[in-house]
Structures are given as structure tokens and as C-alpha cells.
Amino acid sequence: MKKTIAIISQKGGVGKTTTAFNLGYSLSLTGNKVLVIDGDPQGGVALSCNLKTRTAKGLIHALKGTLEKETDVIEYLQDSFAVAGVGIEQPEDILYFEEAAASGTLGSLIQTLAADFDIVLIDAPVGVGRIVKALLEVCDSYLLLINCKAGTVKSLPRLIKLADYLKQSVNQDMELEGIVTTMFDKTISSEEKIFNHFKARLPNDFFLDIVIPYDSRYELAAIKAIPVALLADGTSTSEPYRKLALEILAKNESKGDRKADDLISSDKSDGYQRALKTEEDENSFQGNILGDILATMCERGDIYGAVIADEMGFSLDDYNSPVSTDALAAFTSVLNDTLEKADSILDVQDANNIQMDINENDKLILQKFEVLNSTYYLLAVCPREAEPIGEMSIAVSKIISKLA
Ligand SMILES: Nc1ncnc2c1ncn2[C@@H]1O[C@H](COP(=O)(O)OP(=O)(O)OP(=O)(O)O)[C@@H](O)[C@H]1O
Ligand SMILES: [Mg+2]
């Protein structure tokens, strides 16, 4: 495998630097020669491994041409694990770095540094500014990190649009390596709900299977400036990153390569993954019945797609005709907005359904219903001329009898 992967996120502090460093280390243990590049002027990678005690040379010096050769910025921590720090000390250097990003010299430097490695991971700054765009231009793929906090749910439509935008505008050859959920705390019940919410709404192949759990030992490893695997009791904490490394390798191996497939499937016996799968299996079993009701309703009522949501806006199940990510993003953004306003609109109108146009051709219909004192909503997207209220009412009666 020869690949340059950027690690990005819309929100700060979700574990990009931690992932770059620990995933990089795990990948280096699989026989690949790995370089982790600090693409963030904050210099998180250098801090992760106390790089300053070894070298002052960083990308900024290579960009300014003060080094004998550009590859002098590469510092080997182990035989097949190297890092390149950003080396920024002065505020004005941040501007220089941004200009180098805009002019393409940062991209060229990264390509030069990458030449001697199998896998290059780039730790990006938060968001999608000039620097991140420049990094993505020279990447083969990107890992998108998210956490399972309420704020992330609200930004889901933007996340889907972002994936589309990056592919279309920044680098058409670049793939989404996958979305990775980080700092997942299974003791907080809303995190599991949010996780399932994402999985139900995003195309299946967006997500990588491995989830990085919350573990305070990452903080400890950061303080000690070592990969978590090298902590005295770090083997179990580093397991998720080892598995993530294997999953990424397996995904990139040719499909016929049994060795990688076997590795990853044997790794799925892990208790945490098993618990998660069982929960998902249960949901999808319950969901199939609801999904069937929605599918019938969509077919008879000339509806593109529909979803049943609880009061919090979490879907119980959804039925989507094969839609583009763009349509999915529009649907999801309308859905969140509509649910926020639904109660007040319905009260004012003294009705149990509302209809609103979402673009020139399509409208959204929301129908409210109660089961055992809990409120639910059935939302459907259909052409403006369709009149599916009758079909929706039939579906609601069936849903109530299943949920009651
Ligand atoms: N799985 C985890 N469990 C617990 N703490 C974690 C985990 N991953 C990272 N951390 C801690 O969370 C903090 C933020 O992590 P990190 O610096 O990797 O995020 P980031 O996305 O790179 O942030 P920024 O956007 O500022 O660059 C750090 O203190 C780190 O040690
Ligand atoms: Mg960082």
C-alpha cells in the first residue's frame, strides 16, 4: 500500500493529532514505513512526541529554503516510524505557512517528503480552510473524525455536503477513507443513540467499523509524549488503533487478499464490537417491520423517502429511495429544522400535519402522532403535486399498532 491520508474534522479537539500519531504508530508495526506530517500550525504532532527536544527543523524551514535538503525535516522515532514537525515558532510564520499552502509549495514539499514512505498521515488543522484544502490536494484519501455529541448531530447535513464538496471541488481523485468515531463513551447513553443516528442516515460505506473509545490513558500518553501502546498498561488502550490500522489496510488490499480479510474478521470477535453489533442487530430487526411499512407507504403514496423520528429527532427507522448525498443532505437539514419548529407550528394550526415546499419540485410532509404518551413524527419527502396524506395516515395506524 502506498498512500497519503489526511486526517480532518469539522470540530476541534476530536482527536485528529492523537489519531495521526497512534494510528501512524500502529501502521508502522504492520511492516509499513510510516511518516506522520504535522500539517497544523499549532504543531500538535511535535508536542505528541516531544519533537523539539530532538530537532528544531520543521516544514516551515524547508518552505523557507533554509535547510540543506527538504528531507532534513524527517525525524525517525523508530526504524519505520517517522514524523515531520511543522516547526512554527513565530506568529508571522503562520502567515508564511498559509501562503505556502495557497501557492502550492506546501503541497510540493509534502509530495517530496512522502516519496520514501509507504503510508503518510497528515494531521490537519480543524475545519476546511486554505491549509486543509492544500493538504487534501496532494492526498489520496481523507479520514474524517467525528464525536458523538449533540452538536455533531446538528452539523450532520454540513458533514455530508462537505464530503461531496471535497470530492468535487478540491480533488476529484481523492477518496473518503472513512468516517471514524472518536472518544466514544459507551457509558453515556446519548452517545450510542447519536452513533446509531449517524449510521442510519449516512451511506453504509462512509463509516469504518472501528470506533475509538474514550479513555483517559490517551491524555496520559500525550503528557508522556509517547504512543499509547508504549504506556506500561497501554496494550488494551491501543487496541482500537491497531484494529483501525488493520481495517484500513484490509480495505486497501485487493479483495482477493485473504490474509488481510482474515485478520480483520478475527479482530471483530472483540467484546465491545460484539455488543455494538448485537444492539444494531436488535434495532434493525425492529426496524425491518417499520421499514416495511414505510416502504409500502412510499410506493403507494408516490413518496421518495420517509422517516419516523422520536421527539429528540432520532430516527426509529428510515426508508430512503436511492438518493444522492445531496438529496440526503437537503432531507436531513429540513428534518432537523422541521422537528425544532414542529410543535409550535402544529399547535398554532391545531392540526396534526404540516406541509412545506423544500425546493421548486419537492415538498416535505410532517405528521405528528402519539404512542403511550410519547410523541413521534412521520416525515415524508415527495413531489409537490403528490397527495400522500391518506397513505401516511394508513401507515401511522400501522406504526402505532407496532409500537404500542
Ligand atoms: N480516545 C480518547 N479518549 C480520551 N481522550 C482523548 C482521546 N483522544 C484524544 N484525547 C485527548 O483529547 C484532547 C484532544 O485531542 P487531539 O489534540 O488529538 O484533538 P485534535 O482534533 O487534534 O484537536 P485540534 O482540533 O485542536 O487540533 C487531547 O488532550 C488528547 O489527549
Ligand atoms: Mg490537533
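**Cores, a sheet and a ligand shell**

Let me begin in the interior, where the largest nonpolar core holds 72 residues, and where the residues with the most contacts inside that core are Ala6, Ile7, Leu35, Val36, Leu121, Ile122 and Leu135. Please keep in mind throughout that what we are looking at is a predicted model. If we take Ala6 and set aside its neighbours within four places in sequence, we find Ala6 in contact with Ile122, Ala124, Leu135, Leu136, Cys139 and Tyr142. Apart from this core there lies another one, of 24 residues, and among them are Leu290, Ala309, Leu316 and Leu379.

Let me now step back to the chain as a whole. The protein chain has 15 helices and 12 strands, and of its 404 residues, 40% are buried. If we consider contacts in the protein chain between residues at least 6 apart in sequence, then 71% of them join residues at least 24 apart.

Next comes the sheet. In what order do the strands of the open sheet of 7 strands lie? The order is β3-β4-β2-β5-β1-β6-β7, and the pairing is mixed. At the edges we have β3, residues 74–78, and β7, residues 175–181, each of which pairs on one side only. Neighbouring strands of this sheet are turned against each other by 25 degrees on average, with direction ignored.

I would like to spend a moment on β5, which covers residues 119–123. Why can we call this strand largely enclosed by the rest of the structure? We can do so because 5 of the 5 residues of β5 are buried. Looking at the directions, Ile119, Leu121 and Asp123 point one way from the strand, while Val120 and Ile122 point the other way, and all of them are buried. On one hand, β5 is joined by 5 bridges to β1, residues 3–8, and these two strands run parallel; in that pairing, Ile5 stands opposite Leu121. On the other hand, β5 pairs with β2, residues 34–38, also in the parallel sense and over 5 bridges, and there Asp38 stands opposite Asp123.

We can then go to the edge strand β7, which pairs with β6, residues 141–146, in the parallel sense over 6 bridges. Across this pair, Ile146 stands opposite Thr181 in β7. Although β7 pairs on one side only, 5 of its 7 residues are buried, so β7 is largely enclosed by the rest of the structure.

Now to the ligand. Which residues come nearest to ligand 1? Of the 20 residues around ligand 1, those are Gly12, Lys16, Thr17, Thr18 and Tyr218. The elements that give two or more residues to this shell are α1, residues 16–28, and α10, residues 217–224. By character, the residues of the shell divide into 7 nonpolar, 9 polar and 4 charged.

Finally, let us visit a loop. Asn359 is found in the loop between β10, residues 353–357, and β11, residues 362–371. Is Asn359 buried or exposed? Asn359 counts as exposed, because it has 11 C-beta neighbours inside 10 Å, and the cut-off for an exposed residue is 12 or fewer. Going from C-alpha to C-alpha, Asn359 and Arg384 are 9.0 Å apart in space, while in sequence they are 25 residues apart.

Methods: Residues are numbered from 1 along each chain as its sequence is written. Chains are lettered from A and ligands numbered from 1 in the order in which they are written. This is a predicted model: local features need pLDDT of at least 70, side-chain atom pairs count only at pLDDT 80 or more; totals for chains, interfaces and linings use all residues. A residue is near a molecule or strand if its C-beta atom, placed from the backbone, lies within 6 Å of it. Helices (H or I, at least four residues) and strands (E, at least two) are DSSP runs, numbered from the N terminus. Ala, Val, Leu, Ile, Met, Phe, Trp, Tyr, Cys and Pro count as nonpolar, Asp, Glu, Lys and Arg as charged, and the others, Gly among them, as polar. Two strands pair if DSSP finds at least two bridges between them. Axes are lines fitted to C-alpha atoms, for helices over the stretch in contact, and angles run from 0 to 180 degrees between N-to-C directions. A nonpolar core is a set of buried Ala, Val, Leu, Ile, Met, Phe, Trp, Tyr and Cys residues joined through C-beta atoms within 7 Å. A residue is buried if 20 or more other C-beta atoms lie within 10 Å of its own, exposed if 12 or fewer, and partly exposed in between; C-beta atoms are placed from the backbone. Two residues are in contact if their C-beta atoms, placed from the backbone, lie within 7 Å.
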